[in-house]
Amino acid sequence: MNEIMAIWAEWIRPSAGLPTVQWSILLAIAAACGHLLQRYTGLPKVVGYSAVGALAGLAGFSGTAWPLQGISLFLLELGISVVLFEAGGRIPLRWFRYNPMVLMQSLAESALAFAAAYWVLRWFEVPAAVAEPLALVAMVASPAVLTRVVMDTHASGPVTERAIVLSTLSTLYALTLGSAKAGLMDRPLHQLSDTVYPVAVVLGISVVVGAVLALALRSALRVMSPTSENTSMLLLALIAAGTALAAHFGGSAPLAALLGGMLLKQLNPRPWTWPRQLGTAASILIMLMFVLVSTVAAQADWSKSVAGLVATLVLARALAKIVGVALANPGSGASWRQALWTGCAMAPMSSIALLLVSQFVLASPSLGRMIARIALPTILLMEVLGAVVATYALYRAGESSKPLEPLGSATGDRRES
Amino acid sequence: MSLEPFHHSAALSLGVELELQLVNTNDYDLAPYAEDMLRLMAKTPLPGSVVPEMTSSMIEISTGVCHSSSEVLGQLSQIRDALVKSADKLNIAVVGGGTHPFQMWHERRIYDKPRFRELSELYGYLSKQFTIFGQHVHVGCPDADTALLMLHRMSRYIPHFIALSASSPYVQGQDTAFDSARLNSVFAFPLSGRAPFALTWDEFSAYFDKMTRTGVVKSMKDFYWDIRPKPEYGTIEIRVFDTPLTVERAAALAGYVQSLAAWFLREQPFMPAEDDYLVYTYNRFQACRFGLEAVYVDPATGEHMALRDHILATLQRLEPHAEAVNAGAALHLLRASAEQGSNDARWLREQQSQERLLAEVIRRAALKFRDR
């Protein structure tokens with residue numbers, strides 16, 4: 001692969017630089033594979049994107065540096081921020097007042113996922129300093145993968161909605177605690193304030209940036225229509241600015257976007273129409289995010305012992321999420337069957353987990369290398385497998401409008417969905 | 001299968017069914033939560049019933065047997081409050097209105113029940129396009145012959161019912177220019193429209209037997225008429241109303257039907273004739289298209305007049321009968337509405353002209369339904 005790249009670099013000298021050409025071609029291949037995979041297998045497109053990224057990563061494509069830095073880090077954060085802003089806007093806080101058990105389900109599944117992952121890692125004799133950040137990563141369920149699966153399967157209903165909300169909340173906890181943990185790594189702790197202070201800083205700065213974002217958008221919506229294309233562009237531009245600022249001031253960019261979305265929902269209860277308006281630009285950004293994640297995650301060192309640990313970790317995490325959702329299910333308005341499929345739909349791990357791992361590696365190269373060794377294969381596995389599991393869960397819950405089979409065989413239409 | 005005998009019911013008793021929309025609170029599109037709502041509602045003791053409808057984003061509530069519109073309002077309010085509570089728990093909203101303004105019919109899912117599956121197989125896409133929401137009012141009749149007489153007398157007031165309840169101006173994201181576009185969807189069904197002109201139960205039974213012999217119908221449920229006899233309840237059932245945006249208006253419409261029925265029973269004001277139906281479809285179209293601004297052609301005299309004026313004149317004539325059945329407040333609400341020329345279709349259009357966002361119109365309609 002490196003030889004090919006070297007020959008290529010000698011042969012052409014593109015105006016925007018060789019990496020731009022490489023990434024453009026990789027994205028083109030990913031787009032085609034995503035489409036063809038869905039057409040011939042019925043699986044969501046995101047599996048195709050991730051598979052192409054994984055193959056490129058395994059083949060030695062090194063289009064991005066690890067740990068993530070510079071433009072690749074910004075693009076990943078921007079993609080996550082766009083998804084999380086939208087996901088945050090789906091969470092009406094008043095729901096938790098009417099149905100506190102949903103919040104309990106969220107706390108239970110996140111806490112159990114943390115505990116189960118920590119226990120498994122310690123059982124495999126992973127040091128506590130490594131197991132703890134990894135357990136934080138295991139808490140995260142990916143709203144990015146889930147919302148793409150929902151889009152591809154045209155799913156709607158109680159399991160779909162609840163899985164998205166619980167995934168978003170788990171992301172909220174993991175981002176807050178994970179970003180704070182990254183700030184604490186390799187630093188001796190003397191008292192409680194040493195732990196609380198970094199959490200407060202991350203959360204505080206993210207809240208401020210999120211609030212500014214929400215207020216700016218609320219002001220814009222007073223004079224602009226939410227269905228206007230220009231409103232969508234304004235939204236994207238403001239999220240991009242917020243992403244750059246939050247990271248610069250020591251907050252978490254995705255967390256700021258998530259909190260901004262939640263706050264805007266409270267300030268402006270008018271319905272959301274942006275997801276339909278964001279269109280191709282946001283889709284490319286999100287596809288780039290999936291390819292980037294799998295490309296990077298595939299660069300991990302694989303070994304038999306790591307494979308066994310990853311498999312156990314993935315199983316324990318999945319079980320913990322299902323049990324957590326089921327534990328607080330009574331009184332939550334959902335049936336046991338729905339609780340099972342909600343837990344399963346929360347299987348995907350993706351960009352946010354990668355971002356957290358990247359933060360850990362930057363904060364502590366020595367511990368970070370050990371964390372990444374286990375986290376990267378787990379993320380790669382769950383980006384692909386998680387999407388498949390989530391698709392199956394939504395289908396089994398009866399919430400997918402499309403049958404779980406190749407496109408065209410059911411409808412007779414073999415063109416674009 | 002022969003026609004069921006006409007059962008006994010208390011004359012002028014009332015029963016109201018309302019088909020309601022379940023929408024999500026994100027983009028306010030229809031949401032498939034019928035099963036979840038039924039599960040939650042089953043835990044609350046309520047008058048009447050809550051049942052599924054053709055597609056999984058619909059739910060139908062009904063009162064028990066009531067004797068006045070205020071009793072209807074009491075029961076509907078009780079069920080409405082329980083619905084709102086369950087909806088809040090599921091993070092969805094319940095909305096009235098005859099159509100969902102921007103839902104796409106092909107995205108709907110048929111509710112998993114044998115009868116709905118059969119209907120879906122028979123009617124194809126029409127069954128998904130039947131994601132429309134109506135109010136049905138049953139009024140008790142002392143005997144079968146009186147029921148048929150009342151049915152055909154009531155037919156003259158079908159335009160009144162349509163104009164006063166109209167709440168379906170938008171379909172698939174577009175203003176249809178109709179106040180009640182819902183009824184256009186009902187018209188697609190082969191056994192819709194008016195009931196045959198039979199004034200005795202024997203004549204009606206003979207018609208029913210002939211129809212069952214053709215194999216086209218098996219039971220009264222196969223008729224989608226605007227008004228049909230309901231022998232198992234001992235009532236006639238008026239089915240042209242769009243579901244109003246509030247339970248108050250739904251109860252008022254029931255009070256109007258009851259007052260008309262009281263007038264018919266006590267004064268026998270006119271005899272229906274087959275020729276009444278010469279203008280029936282035209283009047284019906286006018287009411288659907290223009291609502292309270294429609295033209296009404298008097299079936300007896302052929303005189304053309306403003307429907308709104310005819311409604312106001314009828315309401316005035318009904319006053320003593322309305323007082324007798326305790327429907328004064330109901331008629332007062334409808335009179336004010338007719339005088340202002342405002343129905344729910346107009347309210348929806350006003351909201352849309354302010355907001356330019358149909359999803360926001362739905363959100364406001366949901367707040368209106370929950371009495372905010």
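In this predicted model, B:L331 is buried, with a relative accessible area of 1%, and this leucine offers a convenient point of entry into chain B. B:L331 belongs to helix α12 of chain B, which covers residues 328-340. Once neighbours within four places in sequence are set aside, B:L331 is in contact with B:G255, B:Y256, B:S259, B:L315, B:L318 and B:A322. A further relation can be read from the backbone, where the C-alpha atoms of B:L331 and B:E319, 12 residues apart along the chain, are separated by 8.0 Å.

From this residue one may step back to chain B as a whole, whose secondary structure comes to 14 helices and 13 strands. Its C-alpha atoms fill a box of roughly 55 × 45 × 35 Å when the principal axes are used as the frame. The radius of gyration of chain B is 19 Å, which agrees with the value near 21 Å that a compact globule of 372 residues would have. Buried residues make up 63% of those 372 residues, and B:L331, at 1% relative accessible area, is one of the buried residues. Of the contacts in chain B with a separation of 6 or more, 77% are accounted for by residues 24 or more positions apart.

The outer face of chain B can be described in similar terms: the chain exposes about 13800 Å², and carbon and sulfur atoms supply 52% of that area. Chain B carries 37 positive and 45 negative side chains, with the centres of the two sets lying 5 Å apart. An exposed position of chain B is B:R356, which has a relative accessible area of 61% and is found in the loop between α13 (344-355) and α14 (358-369). The backbone of B:R356 also deserves attention, for its phi is near 55°, a positive value in a residue other than glycine.

Chain B meets chain A through a contact that takes 23 residues from chain B and 33 residues from chain A. The area buried between the two chains is about 2200 Å², of which carbon and sulfur atoms give 44%. On the chain B side, B:N26, B:K89 and B:R109 lose the most area to chain A, and together these three residues represent 28% of what that side buries.

Turning to the partner, chain A has 17 helices and 0 strands. Buried residues make up 55% of its 417 residues, and among its contacts between residues at least 6 apart in sequence, 82% join residues at least 24 apart. Chain A exposes about 16900 Å², with carbon and sulfur atoms supplying 67% of it.

Within chain A, helix α8 (residues 143-153) has 10 of its 11 residues buried, so this helix is largely enclosed by the rest of the structure. Its buried residues include A:L146, A:T147 and A:V150, and these same names return when the surroundings of A:I164 are examined, since A:I164 touches A:R90, A:L146, A:T147 and A:V150, not counting residues up to four places away in sequence. A:I164 itself lies in helix α9 (residues 158-184) and, at 0% relative accessibility, counts as buried. A:I164 and A:A87 are 77 residues apart in sequence and 7.3 Å apart in space, C-alpha to C-alpha. Helix α8 of chain A is followed by A:H154, whose phi is positive, near 50°.

Another positive phi in chain A, of about 65°, belongs to A:E125, which is not a glycine. A:E125 lies in the loop between α6 (100-123) and α7 (128-139), and with a relative accessible area of 70% this glutamate is exposed.

The last stop is A:M382, placed in helix α17 (residues 365-396) of chain A. A:M382 is buried, with a relative accessible area of 4%. Leaving aside neighbours within four places in sequence, A:M382 is in contact with A:V314, A:R317, A:A347, A:P348, A:M349 and A:A387. The C-alpha atoms of A:M382 and A:T160, which are 222 residues apart along the chain, are separated by 19 Å.

How values were computed
Residues numbered from 1 in each chain as written. Chains lettered and ligands numbered in written order. Predicted model: local features only at pLDDT ≥ 70, side-chain atom pairs only at ≥ 80, totals over all residues. Heavy atoms only, no water. Helix = DSSP H or I, 4+ residues; strand = E, 2+ residues; numbered from the N terminus. Rg over C-alpha atoms; globule rule 2.2 N^0.38 Å. Buried < 20%, exposed > 50% of the residue type's maximum accessible area, 1.4 Å probe, protein only. Contact = heavy atoms within 4.5 Å. Areas by Shrake-Rupley, 256 points an atom, 1.4 Å probe, with all protein chains shown as cover. Lys, Arg positive; Asp, Glu negative; His and termini not counted. Charge placed at Lys NZ, Arg CZ, Asp CG, Glu CD. Buried area = accessible area lost by both parts, 1.4 Å probe.
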